[in-house]
Amino acid sequence: LTRKYVKKASPVKVLDTRKTTPGLRIFEKYAVKCGGGNNHRLGLFDQILIKDNHIEAAGSITKAIKAIRDKSDNIIEVEVKTLEEVDEALRNNVDIIMLDNMNIDMITQAIKKIDGKAKTEISGGVTFERLSEISKSGADFVSIGALTHSAAAVDISMNITTS
């Protein structure tokens, strides 16, 4: 499944998410790597991701970033839903800006606005059918939860036959 997504999304790098089957995260993320994808984060310890609920609790993107900057030197990624939020993330010099649930026109505007000042990740509502337009967007990454939470299981059996 990952190899299929990677091929269609190229040159945009495909990332998995933390949406994994309980107890199987390490195996599902390994499968993504084997398929040519990249692991986004293994857990809450290896990269800061400020999502909409964190922004809401802190009061703004700026306040959420200030609250974490003093406590961590990890990469900081912030989820944005509007072009105004893109501007706020840029003012705070984040490392990665996640463009969440945006249509292709908004993605194009956001990437033009970001202009290499941060890495860009497209997330939310990403389907296999959308990968063609996403691959032309200029984004750095696309994250796809389906690689781990919706990958079909393979029926493997070990039959021993004697001759």
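**Salt bridges in a predicted model**

In this predicted model, E79 and K51 form a salt bridge, with their closest N and O atoms 2.8 Å apart.

Q: How many residues apart in sequence are the parts that E79 and K51 tie together?
A: Let's place each partner. E79 sits in strand β3, residues 76-80, while K51 is in the loop between β2 and α3. So the pair ties together parts whose separation in sequence is 28 residues.

Q: Is E79 buried or exposed?
A: Buried means under 20% relative accessible area. E79 comes in at 4%, so this residue counts as buried.

Q: Which residue meets D52 in a salt bridge?
A: Start with D52 itself, which is partly exposed at 38% relative accessible area. Its side chain takes part in a salt bridge at 3.9 Å, N to O, and the cut-off is within 4 Å, so the pair counts. The partner is K81.

Q: Where does D100, a salt-bridge partner of K81, lie?
A: The closest N and O atoms of K81 and D100 are 2.5 Å apart. This pair links distant parts of the chain, 19 residues apart: K81 is in the loop between β3 and α5, and D100 is in strand β4.

Q: Is D100 buried or exposed?
A: Again, the limit for buried is under 20% relative accessible area. D100 has 8%, so the verdict is buried.

Q: Which residues do salt bridges that share partners join into one network?
A: K81 is a handy place to look, as K81 bridges to D52 and also to D100. The full network is K51, D52, E79, K81 and D100.

Methods: Residues are numbered from 1 along each chain as its sequence is written. This is a predicted model: local features need pLDDT of at least 70, side-chain atom pairs count only at pLDDT 80 or more; totals for chains, interfaces and linings use all residues. Side-chain values use heavy atoms; hydrogens and water are left out. Helices (H or I, at least four residues) and strands (E, at least two) are DSSP runs, numbered from the N terminus. Buried means under 20% relative accessible area, exposed over 50%, partly exposed in between (1.4 Å probe, protein chains only).
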